Amino acid sequence: MKLKTLLVTTSMFVMLYTQAQQTRSPRFGKGLFNLIGQDSTWSMKIGARMQFLTTASWNSSTNGLSNPSSSFLVRRARLKFNGFAFSPKLTYKIELGLSNNDIGGASEFTNNAPRYILDALIKWNFYENFELWVGQTKLPGNRERVVSSGNLQMVDRSLLNKRFNIDRDMGLQLRHHFNLSDNFIVKEIFSIAQGEGRNVTTGNLGGHQYTTRLELLPFGNFTSKGDYKGSDLKREKNPKLALGFSYDFNNNAVKNRSNQGSYMKNDVGFYRTNISTLFVDAMFKYKGISFMGEYAYRDAKDPLAKNSDGTLTGDIVQVGSGLNLQGGYLFSKNWEVSSRYTNITLDKNITGKGMENQYTLGLSKYIAGHKLKVQTDVSYLDIIGKTNELLFRLQVDIHF
């Protein structure tokens with residue numbers, strides 16, 4: 001019986017291997033398979049990617065470094081599916097997260113289930129330059145958040161993104177673009193979402209979240225959508241600039257960072273308040289030089305969560321501002337040196353938190369662009385009123 005099972009298994013493997021050899025697969029980094037229906041009414045490209053991260057950190061003071069710690073983990077492990085259905089004007093995207101970092105955050109609001117789904121989205125180009133998006137995906141907030149984690153210039157995103165981003169949510173997005181001149185391109189986005197983040201199953205506990213974004217590209221489109229990729233890997237022959245402005249309004253939000261952070265519970269259920277977030281950002285690239293800058297500001301109608309009798313619950317909306325400036329230069333052998341400065345200034349009178357300044361130096365080797373790269377960076381975090389931190393990270397990133 002065991003021999004028969006072995007023979008059947010081996011035969012199936014040989015058949016699959018032979019068929020795979022006869023199938024013309026995409027080149028490295030372009031997906032594992034690219035399937036097209038016999039009648040050309042659908043397609044599906046399947047891809048996978050992984051990130052392996054090593055981290056070491058130390059507390060830093062006038063007495064030197066202390067309390068060392070380190071970790072090794074699979075930072076991200078994901079599967080991607082995208083293509084078109086029925087018509088090339090109707091496309092879709094599915095992205096699943098498999099690492100513990102990807103699926104963490106299960107709670108009563110996600111039916112106590114792992115949060116596997118990152119993106120589940122349909123895009124319909126229904127008229128000329130108009131496109132309707134339906135499903136769960138990233139909201140049109142700060143540029144750094146919309147840039148894929150696999151296309152980052154450094155090991156990970158900045159503290160500004162960590163404190164202020166509006167991440168993913170379930171809803172609708174209407175997108176449009178037009179030309180002011182031969183080169184000057186204007187892009188507009190309007191979104192309405194549930195307002196509590198991804199994979200929420202408990203319905204809409206607060207109000208809805210409204211986001212609008214305007215993008216200006218005075219010198220035309222970047223090569224290969226480089227305005228949403230870190231580093232100037234395409235070495236733009238002419239200067240390219242993108243300016244972005246986003247405004248997000250979360251009506252009756254029940255989380256302390258708009259649709260992110262912790263739920264603000266009180267004696268009657270949830271504390272609700274209007275939260276507004278403003279983003280201004282820029283991306284510039286030219287002959288291996290790249291620069292990205294972002295500013296974020298969050299405010300709330302009443303940031304101190306209260307019970308029905310007016311007593312404080314202890315939850316506080318994280319109001320304040322952030323600034324992130326980073327740039328790099330790509331050398332001829334695809335080695336890149338980069339640097340970043342981030343400032344976080346939350347309202348101390350409300351949040352009780354002091355100013356944070358982080359300084360980062362990075363080094364990257366792009367073996368096959370963003371599809372296969374090794375990145376490392378060193379960061380120093382200066383926190384007013386608290387112990388400072390020195391952080392070292394090393395990451396390997398591979399995409400199929």
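Trainee: Where does glutamine 358 lie, and why is it called buried?

Mentor: Glutamine 358 belongs to strand 21, residues 356–366; strands here are DSSP runs of E, at least two residues long, numbered from the N terminus. This is a predicted model, in which local features need pLDDT of at least 70 and side-chain atom pairs count only at pLDDT 80 or more, while totals for chains, interfaces and linings use all residues. Residues are numbered from 1 along each chain as its sequence is written, and side-chain values use heavy atoms, leaving out hydrogens and water. The relative accessible area of glutamine 358 is 9%; buried means under 20%, exposed over 50% and partly exposed in between (1.4 Å probe, protein chains only), so the residue counts as buried.

Trainee: Which residues are in contact with glutamine 358?

Mentor: Apart from neighbours within four places in sequence, glutamine 358 is in contact with Leu159, Arg340, Tyr341, Thr342, Ser379, Tyr380 and Leu381, where contact means heavy atoms within 4.5 Å.

Trainee: What makes valine 74 buried, partly exposed or exposed?

Mentor: Valine 74, in strand 3 (residues 64–85), has a relative accessibility of 39%, and therefore counts as partly exposed. Leaving out residues up to four places away in sequence, valine 74 touches Gln51, Phe52, Ser99 and Asn101.

Trainee: How do you know that strand 16 and strand 19 pair?

Mentor: Two strands pair if DSSP finds at least two bridges between them. Strand 16 (289–300) and strand 19 (residues 320–330) have ten bridges in the antiparallel sense, so the criterion is met. One of the partnerships joins arginine 298 to glycine 320 in strand 19.

Trainee: What makes strand 19 largely enclosed, and which pairing does it form with strand 20?

Mentor: Eight of its eleven residues are buried, so strand 19 is largely enclosed by the rest of the structure. Strand 19 also pairs with strand 20 (residues 335–346) in the antiparallel sense, over eleven bridges, and leucine 323 stands opposite asparagine 343 there. The hairpin of strand 19 and strand 20 has four residues between the strands, and asparagine 334 takes a positive phi near 65 degrees in that hairpin.

Trainee: How many bridges join strand 10 to strand 15, and in which sense do these strands pair?

Mentor: Strand 10 (residues 240–253) and strand 15 (residues 273–286) pair in the antiparallel sense over twelve bridges. Alanine 253 stands opposite threonine 273 in strand 15.

Trainee: What makes the charged end of lysine 123 count as sitting over the ring of tryptophan 133?

Mentor: The rule requires NZ of Lys or CZ of Arg to be within 6 Å of the ring centre and within 35 degrees of the ring normal. The charged end of lysine 123 sits over the ring of tryptophan 133, 4.3 Å from its centre, so the distance satisfies the 6 Å limit. Likewise, the charged end of arginine 143 sits over the ring of tyrosine 228, 4.8 Å from its centre.

Trainee: What is the volume of the largest cavity, and which residues lie nearest its centre?

Mentor: A cavity is a set of points on a 1 Å grid over the protein atoms alone where a 1.4 Å probe fits but cannot get out. The largest cavity holds about 120 Å³ of space. Of its 18 lining residues, Leu152, Gln153, Gly230, Met292 and Gln326 lie nearest its centre; lining residues have an atom within 4 Å of a point. Strand 16 supplies the largest share of that lining, three residues.

Notes: On a 1 Å grid over the protein atoms alone, a cavity is a set of points where a 1.4 Å probe fits but cannot get out, and a pocket is an open set with protein on both sides within 12 Å along at least five of seven lines; lining residues have an atom within 4 Å of a point. Grid points are joined across faces, edges and corners, and a volume is the space filled by probe spheres set on the points.
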